[in-house]
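User: I should like a close look at the backbone geometry of this model, placed in the setting of the fold as a whole. Please give one connected account rather than a list.

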Amino acid sequence: MLTKIKFAPGIDKQDTSVGAEGRWVDSDNVRFRYGLPEKVGGWQSLLQDSIVGVARKQHAFVDTSGNRYVAIGTDKFLLIYFEGQLFDVTPYRCNNTGTVDTLTSSTLSTDSTSVKTCTITTTSDHELAVGNIIELSSVTLPSGTGLTASDFEDKLFQVLSVPTPKTFTINSLNQASTAVSTGGTMTVKIYETVGPAAQTYGYGYGVGNYGGTITGALQNDLDGALAADTNGNNGSATQIRLTSTTGFPTAGTIAVEDELITYTNIAGVELTGITRGAKGTATTGTSNGQAHSDGETVTNATDYAGWGEAVEASTVTLEPGLWSLSNFGELLVATIANGKTFTWNAGAANNTTVHASTSTPNTDGTLTGVNSPYATMIGTNSAGDAVGNPTATRITLISPTTRHVIHLGTETTIGTPTTQDDMFIRFSEDESINKYTPQATNTAGSQRLQDGTKIMGALVAKENILIWTDNALYTMKFVGAPFTFGFEQVGTNCGLIGKNAAIEIDGVAYWMGNNGFFSFDGTVNTLPCSVEDYIYDDADTTKGQQVNAGINNLFTEVVWWYPSAGSDFNNRYVVHNYGQDNAKLPMGNWYTGTNVNSIRTSWIDSLVYPKPYATAFNNSNTGTFPSVIGETGLGQTVLFEHEIGNDQVNPDGSITALTSFIKSFSFSLQPDQAEVFLAMRRFLPNFKVLTGNNQVTLAVKDFPADDDVDTALSPFTITTSTTKVDTRARGRYANIKIENTGVNESWRFGTFQVDLQPDGRRG
């Protein structure tokens, strides 16, 4: 007797494998089209290079000559993809007048006993931190190093350590022949700091770049080990010896690894009047300090905010490095989250050799100051009005049609970062990126939102600008004079989990919150989700700023990539197919995946380019562009074009098989005879599309709570010539798993029929 087993589209993880009747229960690299499951399309690298760091934002735009560009923002760089190449346009650190902050007359020393280590000494405090990127120019080396100026000239270096406020170390391109004390001269240009690669808790100690730390905090090292007790390292219970105490305050706090130690005075190279394990940082279960090796780094923690304060880990997080990217015509507008706004002019001559800045030239190469539509630095115009972009903003976007530059979560006093208000909005005069002072004769203005503690995200939708706080959704709509924009709260308890976790298509916005998925089509709706418990039991919601949403309009899909608990970076995804919903799917059409090759950190849909572009990050590999000497721990991002072929084509041209699978619910073999086991003698697989081979695995069990047991003959290899498969399977419940494991394999499943017969009663 042939029985057809029917499956509805989508994955159901809200029910048990037996209870999810008529549904699929697990999948990877599978989508549903016209109700049928199929393997997703492949992807290929657009470059032979890979990107240094983790990319979390892309923006595609076109200049007035029709040239297409993709701006890519990483935790270290701002890059432009153009005509199959990458270009580094990362802004240099600058002051509010737009002048690049350069450290001139810097000197260099070499240490031949350490691998390629060089120390650069600056004449003023450099305010650098470990991991910063610098560029050297005008290099003259001290004699006797065995190195040449070309080893350093116009090259990027990663800062490896910061011994003092006026010194930092790098690795040279080549090994010095001898150790040479400081000498020579050079200019240091500092790349603007974007932020950490991953989001983490801000405990107040033991976490790099804590929100209250001082950039480039003074560091030295222990002269002698510290034991896990209350003593110092010189035989005294009250003193700790350093290699040098130069620059440390007379009394204060130091951090040695995860331990805080207070002191009351300095005597020579010793900190005196110490208290080990201060402010709750003692060895767990004791009042003693922690053990530290001789030479361990000692950091001045005196001025750190949050040290010893009663701060719940759940209320303070360190956001990763993020960008807002949009375009004002052919002008790229790029804002570092909680930082400055920079511009890059695609229409300028030799544009790919010019770095983004706060004072971008006009198209003719001139810079007419703060009245220019291109310049963005802080200043005053001829009327004495304050102009120029804020210097601390969470999110920036450009309004459609009217072309206002809108800063969200920004400064109440332009140019004063300490006045940043996470709920404050400021917008420029229309058709200008510089004029923000509200006047009767212009359309500039501001507004503060009320519901929430901070603005989380915003995007341009069909008729409105949508603004999410951590609790609510607002619309921002152009209404004309005298208010310019009107604001309306349209939802509450529907906050956004992260800046890039919302997307809009065809007038409907979709987003991921801290406790569910939502849509807005004029009304806020909770999205019924057949995988919701699985996602929220699995996701690390404290890393919400790493969540990335993308639209694939070719297949009516919204995809969210997110980090699971215990993962530093995205390693899971969930898809909502908004074009495949119907009344038979009250929980919606959803599917999930965990394949490491499928995880993305940024995505742009097929608008400017015919196929979607996306970035994949691997923190274990090393990127090749831009070339950074001394690079360590920055990871690698690959830029892929999607829906190409059946597999993954890597930057070096090698191919990685794109595997996929889908697994059904456990269907009953004996719906009408509860006491009778049934045997499956054969099954008839029916594939709508099959390229290469496919594998079908049968699993059975006697009771709903039992584990699945693969049948003895599984898996079965299916080819285009397979008409039926003979098998032997006995039990009450069975499920099927359809998968491919090889290169250049693709499939689209159709129907499944099985031949069943009674096989005796339960003994």
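Analyst: Helices and strands are here DSSP runs, of at least four residues for a helix and at least two for a strand, and they are numbered from the N terminus. Counted in this way, the predicted model contains one helix and 62 strands. Its radius of gyration is 30 Å, close to the 27 Å that the globule rule gives for 763 residues, so the protein is as compact as a globular protein of that length. The C-alpha trace extends over about 90 × 75 × 50 Å along the principal axes. Of the 763 residues, 56% are buried. Among contacts between residues at least 6 apart in sequence, 62% join residues at least 24 apart. The exposed surface comes to about 30,300 Å², with carbon and sulfur atoms supplying 47% of it.

Against that background, the backbone geometry may be considered. Most residues other than glycine have a negative phi, and most peptide bonds are trans. The segment that follows strand E38 (472-480) departs from this pattern in its peptide bonds and in its phi angles. Alanine 481 lies in the loop between E38 and strand E39 (484-492), and a cis peptide bond with omega of about 5 degrees joins alanine 481 to proline 482. Proline 482 belongs to the loop between E38 and E39 as well. Threonine 484, which is placed in strand E39, has a positive phi near 70 degrees although it is not a glycine.

Is each end of this segment buried or exposed? Alanine 481 has a relative accessibility of 80%, and because the cut-off for exposed is over 50%, it counts as exposed. Threonine 484 has a relative accessibility of 4%, and because buried means under 20%, it counts as buried. The cis bond thus starts from an exposed alanine, whereas the positive phi of the strand residue occurs at a buried position.

The surroundings of this loop lead to another one. The C-alpha atom of alanine 481 is separated by 9.1 Å from that of asparagine 442, a residue 39 positions away along the chain. Alanine 444 is placed in the loop between strand E34 (424-427) and strand E35 (445-448). Unlike alanine 481, which is exposed, alanine 444 is buried, with a relative accessible area of 8%. Leaving aside residues up to four places away in sequence, alanine 444 touches Phe427, Ser428, Glu429, Lys435, Tyr436, Thr437 and Pro438. For one of these partners, serine 428, the C-alpha separation from alanine 444 is 4.5 Å, with their positions 16 residues apart in sequence.

Two further sites share features with the segment described above. The peptide bond from serine 714 to proline 715 is cis, with omega near 0 degrees, and proline 715 sits in the loop between strand E58 (709-710) and strand E59 (716-718). Arginine 403, another residue other than glycine, has a positive phi of about 55 degrees. Its place is the loop between strand E32 (395-398) and strand E33 (405-408). With a relative accessible area of 28%, arginine 403 is partly exposed, whereas threonine 484 is buried.

Strand E32, which precedes the loop of arginine 403, also contributes two or more residues to the lining of the second largest pocket. That pocket holds about 1,200 Å³ of space and is lined by 41 residues, with Lys57, His59, Leu459, Val460 and Ile503 nearest its centre. Strand E7 (55-62) provides the largest share of the lining, five residues. By type, the lining divides into 21 nonpolar, 14 polar and six charged residues.

Strand E44 (548-552) is another of the elements that give two or more residues to this pocket, and the loop between helix H1 (532-538) and E44 holds lysine 543. At 11% relative accessibility, this lysine counts as buried. Beyond its neighbours within four places in sequence, lysine 543 is in contact with Gln199, Pro563, Ser567 and Asp568.

In summary, the segment from E38 into E39 combines a cis bond between alanine 481 and proline 482 with a positive phi at threonine 484. Its alanine is exposed and its threonine is buried.

Definitions and conventions: Residues numbered from 1 in each chain as written. Predicted model: local features only at pLDDT ≥ 70, side-chain atom pairs only at ≥ 80, totals over all residues. Heavy atoms only, no water. Rg over C-alpha atoms; globule rule 2.2 N^0.38 Å. Buried < 20%, exposed > 50% of the residue type's maximum accessible area, 1.4 Å probe, protein only. Contact = heavy atoms within 4.5 Å. Areas by Shrake-Rupley, 256 points an atom, 1.4 Å probe, with all protein chains shown as cover. 1 Å grid on protein atoms, 1.4 Å probe; cavity = no way out; pocket = protein on both sides within 12 Å on 5 of 7 lines; lining within 4 Å. Points joined across faces, edges and corners; volume = space filled by probe spheres on them. Nonpolar A, V, L, I, M, F, W, Y, C, P; charged D, E, K, R; others polar.
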